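Here are my notes on this entry, as numbered points. Please read them with the model open.

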Amino acid sequence: MIVIKIGSRSFHIYELLLLGGCITLFIYLVLPYRFASHYDYIPDDDIERMLLPQVTPNVTHQQGFDCSYEELIIGSRFVYDAHFRERLLHSEQIQPGGEYQPEHCRARYSTAIIVPYRQREEQLHAFLTYMHNYLRQQLIHYRIFLVEQYDRKPFNRATLFNIGAQVAAEYDFPCLILHDVDLMPLNSGQIYACTERPRHMCSALDQWRFHLPYRGLFGGVVAINTAQFQMINGMSNLYHGWGGEDDDLYERLSSHGYDICRFPPAYSEYTMLKHKPEVPNANRNALLHAAALRFDTDGLNSLVFTEVERRLHSLFTHILVET
Ligand code: BGC
Ligand code: MN
């Protein structure tokens with residue numbers, strides 16, 4: 001029998017193994033719940049009723065029957081396949097600029113997917129491949145706008161969203177999905193259209209063992225009506241570096257009387273591509289603390305940037321900017 005001495009006490013090896021096992025089990029069972037926040041969600045039967053039917057003018061003028069979404073939503077299932085990240089199926093269906101609309105029926109929803117970006121080539125490739133494979137199953141009209149920060153200042157995610165929203169509005173998109181490049185949806189029923197209330201879409205993230213850390217989390221992937229985004233003056237331009245800008249958006253929405261919504265957890269699973277942690281913005285809590293004082297003066301109406309280039313790539317519209 002192996003006996004191990006720790007200080008003045010001796011332990012049998014199986015006692016230590018049992019202890020180790022208990023600690024591991026404890027961490028596994030308790031940790032996710034320490035962070036988990038229970039949240040309200042729209043029951044699956046009500047989802048379709050909550051979606052806002054709205055399209056850009058070039059969709060309405062097309063011939064054909066309206067697409068039907070009932071089966072897609074009620075029959076939501078796990079559709080993730082790693083191959084979807086590697087091989088683009090039927091690339092000829094996608095229009096220059098990364099736009100798509102179904103051919104055999106008239107889409108009921110037009111969505112601009114806005115992706116803030118800088119130096120994540122490998123992730124971008126996986127994202128674009130996966131998203132075009134995934135989104136074309138949804139029978140919606142969409143276009144992917146990649147807003148790339150060209151300067152060397154700390155990354156300003158919220159300003160890039162403001163710029164993307166402004167460009168998407170030029171193209172008449174009524175619905176914005178603000179999307180991180182490292183997140184990919186796993187369920188077919190998380191439909192990429194706007195709901196009456198702004199929606200947090202990635203509430204079950206694999207990174208957090210599919211639990212929501214706090215109810216006010218409004219980051220990662222969110223859907224918001226273009227008119228609502230403009231009404232709240234967009235997002236703050238003052239968050240340089242990681243963190244806080246999404247909490248600021250949540251505060252903005254609540255102070256304007258907009259409650260957010262979510263779909264059921266089984267519709268809201270996402271996977272996150274791994275990357276090195278970003279440098280947190282040390283100033284973010286101070287900014288957040290005084291957020292309400294700046295809602296009217298800091299946002300779309302104070303947006304300053306230079307558009308260095310706009311180019312239609314085969315899978316996305318590229319907007320290169322200096323902030
Ligand atoms: C940050 C948010 C971030 C969240 C989850 C919060 O502390 O302020 O920006 O989205 O953590 O990582
Ligand atoms: Mn990330």
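1. A term first. A pocket here is an open set of grid points, on a 1 Å grid over the protein atoms alone, with protein on both sides within 12 Å along at least five of seven lines. Its volume is the space filled by probe spheres set on those points. The model itself is predicted.

2. The largest pocket holds about 1,100 Å³ of space. It is lined by 37 residues. Closest to its centre are Asp180, Asp182, Trp242, His275 and Glu278.

3. What is the make-up of the lining, counted as nonpolar, polar and charged? It has 16 nonpolar residues, nine polar and 12 charged. Both β6 (110-117) and α8 (245-255) supply at least two lining residues. α8 gives the most, with three.

4. Now the metal. Two residues, Asp182 (OD) and His275 (NE2), are the protein donors of the manganese ion (ligand 2). They lie 2.1 to 2.5 Å from the ion. The pair joins distant parts of the chain, 93 residues apart. Asp182 sits in the loop between β8 (175-179) and β9 (183-185). His275 sits in the loop between β13 (269-272) and α9 (284-289).

5. Are these donors buried or exposed? Asp182 has 7% relative accessibility. Buried means under 20%, so Asp182 counts as buried. His275 has a relative accessible area of 29% and is partly exposed.

6. On overall layout, the domain assignment gives domain 1 (1-30) and domain 2 (39-322). Taken over C-alpha atoms, the centres of domain 1 and domain 2 are 47 Å apart.

Methods
Residues numbered from 1 in each chain as written. Chains lettered and ligands numbered in written order. Predicted model: local features only at pLDDT ≥ 70, side-chain atom pairs only at ≥ 80, totals over all residues. Heavy atoms only, no water. Donors = N, O, S within 2.8 Å, 3.2 Å for Na, K, Ca; no water. Helix = DSSP H or I, 4+ residues; strand = E, 2+ residues; numbered from the N terminus. Buried < 20%, exposed > 50% of the residue type's maximum accessible area, 1.4 Å probe, protein only. Domains from an automatic or database assignment. 1 Å grid on protein atoms, 1.4 Å probe; cavity = no way out; pocket = protein on both sides within 12 Å on 5 of 7 lines; lining within 4 Å. Nonpolar A, V, L, I, M, F, W, Y, C, P; charged D, E, K, R; others polar.
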